[in-house]
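Work through the exercises below with the sequence and the structure at hand. Each task is followed by a stepwise solution.

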Amino acid sequence: MKHPEAIASRVMLGVRWSGCGLCAAHVLRWPTTATSSPSPLLDPTTFHLRRLFLNLSGDSSGGRSWPCCPVTNEVSSVAARSTEVIEMEYADLNLKDFYGVNPQLGHLRIRQHVNPLSSSFSRLQAPAEIPDWKEVFRDATLPLMVDIGSGSGRFLLWLAKNCPETRNYLGLEIRQKLVQRSQFWVKELRLKNMETSMEVLSLLKACLTRKCSCLSSHFMFANAMVSFESLVASYPGPLTLVSILCPDPHFKKKHHKRRVLQEPLVNSIAENLSRGGTVFVQSDVLEVALDMRNQFDDRPDIFSHVNVIGDKPSCDSQGWVLHNPMGIRTEREIHAKLEGARIYRRIYEKVK
């Protein structure tokens, strides 16, 4: 029999990523009490897992009845807190002003796990259409940052507004509704900047000094495994930063082929990243972080692990970056930290 505590830990990780306690727990056919006798239809491991979940959920009475998954309330509570914290950390974007503007792009219910190889994503099996970069960005010769799996887009929008470096930002996301809302926000922020400018000259000055952040952000509905190479190869300026932050873990071994960071993508990053450019990867799942780390560590002639930021050591004894170097946490990082998870980060510099 497999060790039930080990299995429980893995299933709890799945609960954290599913965003709902129902996902993992209903697979276990939830019992009515922690002391219920094993069903003849269930193996002993599943029965022990049930009891472990009930104990983790605070059922110390041994006889309390649960009408639904006992972890659901806790997961929902964390989700509510993370939403509040996200709004606080990204408050200076003032995105709340646009929540009611387009009802179809307001609160979105989005699947956490998406299979990029599914037939329902047939459009993503071919490279995305290359945009006219001069239409996308005001100055398409500026250095480019690409965020693979940009999610809601808040992270890149915040960087575009607050990062002191002058660059363009491109977000690649496989969930189309998120891309549509991100681009809607870009458009609305541009209009808001125009409406709040006291004079036309004031807006022009802001654009010329790159303070008009909305002109440097763009989001695309694309599968990075398929489209990254053609997109960044066509960009007129240098690619200086690539980020892959908390990608979908796809826990099952047979689903590892769905993970975004595969050998072809690593090769493409190595080919197109400028010398001295940076790769930043992170995950709240150690297995995924190790997988990403190994793929870049296997190319020591191209990528050098960065363990010092500025003039101070920035990593622990295992090479994980201790603190977020970007100045803002992603939404996934906020949610994971509220649940007590550790974030595993690595930074690489292209040396060849």
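A polar contact is a pair of N or O atoms within 3.5 Å; within protein, one must be able to donate a hydrogen and the other to accept it, and residues adjacent in sequence count only if both atoms are side-chain atoms. The model is predicted: local features need pLDDT of at least 70, side-chain atom pairs count only at pLDDT 80 or more, and totals for chains, interfaces and linings use all residues. Residues are numbered from 1 along each chain as its sequence is written, and side-chain values use heavy atoms, with hydrogens and water left out.

**Exercise 1.** Locate Arg-259 and state which side chain its own side chain makes a polar contact with.

Step 1. Arg-259 sits in the loop between strand S4 (239-245) and helix H10 (263-272); helices (H or I, at least four residues) and strands (E, at least two) are DSSP runs, numbered from the N terminus.
Step 2. Arg-259 counts as buried because its relative accessibility is 6%; buried means under 20% relative accessible area, exposed over 50%, partly exposed in between (1.4 Å probe, protein chains only).
Step 3. The partner in the polar contact is the side chain of Glu-287, at 3.2 Å.
Step 4. Leaving aside neighbours within four places in sequence, the residues in contact with Arg-259 include Met-225, Asp-248, Phe-251, Val-288 and Asp-291; contact means heavy atoms within 4.5 Å.

**Exercise 2.** Which residues that are not glycine have a positive phi in the loops examined here, and are they buried or partly exposed?

Step 1. Asn-94 has a positive phi of about 55° and belongs to the loop between helix H4 (72-89) and helix H5 (133-136).
Step 2. With a relative accessible area of 37%, Asn-94 is partly exposed.
Step 3. Cys-246 has a positive phi of about 50° and is placed in the loop between S4 and H10.
Step 4. Cys-246 is buried, at a relative accessible area of 7%.

**Exercise 3.** Describe the surroundings of strand S1 (residues 144-148).

Step 1. Since 5 of the 5 residues of S1 are buried, the strand is largely enclosed by the rest of the structure.
Step 2. Leu-144, Val-146 and Ile-148 point one way, Met-145 and Asp-147 the other way, and all are buried.
Step 3. S1 pairs with strand S2 (residues 168-173) in the parallel sense over 5 bridges; two strands pair if DSSP finds at least two bridges between them.
Step 4. Opposite Val-146 stands Leu-170 in S2.
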